[in-house]
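Colleague: Before I use these terms at the bench, I want to see how each one is earned. Take me through the model.

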Amino acid sequence: MNRDTVLVDKMVYIKEGIIEKIADNIEVSGIQIFDAENKYLTPGLIDMHVHVWDRYELGLYLSNGVTAVRNLWGMPMHLRIKEDVIHGNIISPTFFTTGPKLTGSEFIGDDNLNLTNPSEAKEKVLSYKERGYDFIKTYYGLDKEIFDAIIEQAKIYEIDIVAHPSQKVSFSYHLNPQIKSIEHVEEIVQQPLKFDLDKSKLQSILDSISQSKHTSYCPTITVFNNIYQMMINDSILDSESLGYMNPLIKKVDSKNQFERWFNAKQEDPATIERIKEQHDFHITIVKKLHEAGVTIICGTDAGIGVTLPGFSIHKELAFYKEAGLSNYEALKTATVNASQAHSIMSQLGTVEEGKIANLLLVDKNPLVELSSLENPIYVFVKGRKLNRETLNSYNEKAKNRKNLIASALRYLENLIIEK
């Protein structure tokens, strides 16, 4: 994934989960050799914006070729998942997680931590670093004084920030070097553009982002498009695919989101077209971000609403193609671009000596047919081979699972334990 080409007839030697050597011919005794003639070996995909609710979802990601995830709604259960992944206790994508979402005092919700002053903000950054969270997630309602404190402490303790933009500061404020990625193209529409879908006004915003060479942008087009899907399909909650959602999320969040947008279109039928127009404008934003040289990283916001874990990454990549990216450029967003967003992810994203052996073996060349990534023949996670039969079994185990009460207890734990 460092150039738009295929290396033909190579051998790849994996030792203890690491790519040891790549050459035309490798002779090592006492190891298993897999014949991949007429197949294509690619880096595993990375979804940079997910919300994980249970361990069944980890299997759904693997089944869809996602070998690393960045979870952006941290809770105590995610630290346990992370530990189990590190120690090899579970088969999982490489797992990274932020801490709880940091918001301003008035943005009340049980899904975030409300900060009231700069000293509290600094304390939480240190606490999350010490507890083992990988990143800080900033959210709505952070004013400049509190946000400055978060950035200052994050820099001291060398922990990256992932920003869902706050409306209390200018959009350009999020281009601070400590903030490694900005989430959601709709935030460009909602904040600096104030819902005015004006391409001329958009350009100055994109110019400022392109000048910030440390900034990656994570569009999450799919999750917004799914608002439109809910509005045009009144039976979407009964669809077979929704069986892959965590049952608590399906019962609460999926239902609430559907009802919100169902009521919106009942009150004003023009809402449907407005949402569709905004989605189309998101495609334009990604096109112009790409043309401006902004580093795009693939994220789906999977795990909320009706956005499915694992499956949604292929929809997201298809939207990037619609925005004018080539197959190679789209694939970069979920491989090498993603791996370069944070230093702790630098061993992922390419098929190179010394990198972690998170790989996919597929039937057809994804540089020609991107859809070949949807059903990989083999998925390798840290060198461990998972065949299609095993991957399909993960789908079956996840479908219509009966863990609603267990999921509710884990969510309750997050409310009880100090965030």
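Colleague: Why is there no bond between the sulfur of Cys-218 and the closest cysteine sulfur?

Modeller: Distance. A disulfide is a pair of cysteine sulfur atoms within 2.5 Å. The closest cysteine sulfur to that of Cys-218 is in Cys-298, at 7.1 Å, so it is too far for a bond. The count is therefore zero disulfides by this rule. One caution: this is a predicted model, where local features need pLDDT of at least 70 and side-chain atom pairs need 80 or more, while totals for chains, interfaces and linings use all residues. Side-chain values use heavy atoms, without hydrogens and water, and residues are numbered from 1 along each chain as its sequence is written.

Colleague: What makes Cys-218 buried or exposed?

Modeller: Its relative accessible area. Buried means under 20%, exposed over 50%, and partly exposed in between, with a 1.4 Å probe and protein chains only. Cys-218 has 0%, so it is buried. Cys-298 is also at 0% and therefore counts as buried.

Colleague: How do you know that both faces of strand E6 are covered?

Modeller: Look at the two sides of E6, residues 94-97. Thr-94 and Phe-96 lie on one side, Phe-95 and Thr-97 on the other, and all are buried. E6 is called a strand by DSSP: helices are H or I runs of at least four residues, strands are E runs of at least two, and both are numbered from the N terminus.

Colleague: What makes E5 and E6 a pair?

Modeller: Two strands pair if DSSP finds at least two bridges between them. E5, residues 66-71, and E6 have four bridges, in the parallel sense. Arg-70 stands opposite Phe-96 in E6. From E5 the chain crosses through helix H2 (residues 76-86) to E6, a right-handed β-α-β crossover. Right-handed means that, with the strands pointing away from the viewer, the path from the first strand over the helix to the second runs clockwise.

Colleague: Why is one space called a pocket and another a cavity?

Modeller: The test is whether the probe can get out. On a 1 Å grid over the protein atoms alone, a cavity is a set of points where a 1.4 Å probe fits but cannot get out. A pocket is an open set with protein on both sides within 12 Å along at least five of seven lines, and lining residues have an atom within 4 Å of a point. Points are joined across faces, edges and corners, and a volume is the space filled by probe spheres set on them.

Colleague: What is the volume of the largest pocket?

Modeller: About 1400 Å³. Lining it are 42 residues, with Lys-10, Met-11, Val-12, Leu-41 and Val-351 the closest to its centre.

Colleague: How does its lining divide by class?

Modeller: Into 26 nonpolar, seven polar and nine charged residues. Ala, Val, Leu, Ile, Met, Phe, Trp, Tyr, Cys and Pro count as nonpolar, Asp, Glu, Lys and Arg as charged, and the others, Gly among them, as polar.

Colleague: Which helix gives the most to the lining of the second largest pocket?

Modeller: H8, with eight residues. That pocket holds about 1000 Å³. Its lining has 34 residues, and those nearest the centre include Tyr-139 and Asp-253.

Colleague: How many cavities of 30 Å³ or more are there?

Modeller: Two in the whole structure. The largest cavity has a volume of about 50 Å³. Its lining includes Trp-53, Met-77 and Tyr-411. H14 has the largest share, three residues.
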